[in-house]
Amino acid sequence: MKKQTLHTIQALKHKGEPISVLTAYDSTFAKLISETGVEIILIGDSLGNVIQGQDSTVPVSMKDMCYHTTCVARGNKGALLIADMPYMSYATEKQTLKNAAKLMQSGANMVKLEGGEWLTESIRKLTERGIPVCGHLGLTPQSVDALGGYKVQGRDKAAAEKLEADAMALQDAGVSLIVFECVPKDLATRLTQKLQVATIGIGAGNQTDGQVLVLQDMLGLNDDFQPKFVRNFMAEPGVQSIKDAIEAYVKSVKDRSFPSESHTFD
Ligand code: KIV
């Protein structure tokens, strides 16, 4: 696969070609995923759940994120690497710059922060200094306690208006991408049409500019709890290996057959 950059990703939005994104936390999977044509690898703080066995992403540290970003960067063959800034690593502007620099030095091409309007000054400072930023709106797992659990966001009028205002504020501040997690399909579709920057959905319907899933979820390894928006690609007809499952995921993202209505919130 040719090397992915901000420009190749933005070009996919303009062409209307869906962008495929998967999480990875180690070198072996980073190599396999990038060689299978996934354009973006997210070193998600979901590693707290799927690697460390924690109940949430809150315990994940900068040290953890830098370690896994380094591992992924060693195996990666051309995907754009986004690293999550973990819980409380971007509470102040000073902390944000220092910690984002550490993730970039570990091999990330972009950092991801959860939150809306309150982050705009930090995002400006990062982008002015040449650090690309991905926003994350809707269900933001680092705020699970404040949100009262893992729930769909933006369902009523006021919440939808707030989400829209946050998305526009993030774009104005300079983000290159926005993840929408657990947002009703109609809202995610409308915002995708309105925004110039590409949107990546997880539980946000099939009309966002791209899709992301946690690797372990799409490989059917999380049998304790399967969120509505997850499809187990290992269980697809004809899939006999992890590589086949990742190829099936990329194909289903590209032809928009994933996510289907059964994986979507309204
Ligand atoms: O941490 C993560 O894996 C994420 C995705 C679920 C979007 O933020």
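This report looks at the ligand and its surroundings, and then at the cysteines. Please keep in mind that the model is predicted.

**The ligand and its shell**

A good place to start is the ligand, which sits in the largest pocket. Around the ligand you will find Thr23, Leu42, Gly44, Asp45, Ser46, Asp84, Lys112, His136, Ile202, Val212 and Val214. Sorted by class, this shell contains four nonpolar, four polar and three charged residues.

Some members of the shell place polar side-chain atoms close to oxygen atoms of the ligand. The table lists these pairs.

| Residue | Atoms in the pair | Distance |
|---|---|---|
| Ser46 | side-chain N or O atom and a ligand oxygen | 2.6 Å |
| Lys112 | polar side-chain atom and a ligand oxygen | 2.8 Å |
| Asp45 | side-chain N or O atom and a ligand oxygen | 3.0 Å |

How much of the ligand does the protein bury? On its own the ligand exposes 260 Å², and the protein buries 95% of that.

**The cysteines**

Now to the cysteines: how many disulfides does the structure hold? The number is zero. A disulfide is a covalent bond between the sulfur atoms of two cysteines, and the distances here help to explain its absence.

For Cys71, the closest cysteine sulfur belongs to Cys66 and is 11 Å away, so the two are too far apart for a bond. Cys71 is also buried, with a relative accessible area of 12%.

Why does Cys134 form no disulfide? The closest cysteine sulfur to that of Cys134 is in Cys182, and because it is 16 Å away, it is too far for a bond. Cys134 counts as buried too, at 1% relative accessibility.

Notes. Residues are numbered from 1 along each chain as its sequence is written. This is a predicted model: local features need pLDDT of at least 70, side-chain atom pairs count only at pLDDT 80 or more; totals for chains, interfaces and linings use all residues. Side-chain values use heavy atoms; hydrogens and water are left out. A residue is near a molecule or strand if one of its heavy atoms lies within 4 Å of it. A polar contact is a pair of N or O atoms within 3.5 Å; within protein, one must be able to donate a hydrogen and the other to accept it, and residues adjacent in sequence count only if both atoms are side-chain atoms. Accessible areas come from the Shrake-Rupley method with a 1.4 Å probe; for residues, only the protein chains shown count as cover. On a 1 Å grid over the protein atoms alone, a cavity is a set of points where a 1.4 Å probe fits but cannot get out, and a pocket is an open set with protein on both sides within 12 Å along at least five of seven lines; lining residues have an atom within 4 Å of a point. A molecule sits in a cavity or pocket if more than half of its atoms lie within 2 Å of its grid points. Ala, Val, Leu, Ile, Met, Phe, Trp, Tyr, Cys and Pro count as nonpolar, Asp, Glu, Lys and Arg as charged, and the others, Gly among them, as polar. A disulfide is a pair of cysteine sulfur atoms within 2.5 Å. Buried means under 20% relative accessible area, exposed over 50%, partly exposed in between (1.4 Å probe, protein chains only).
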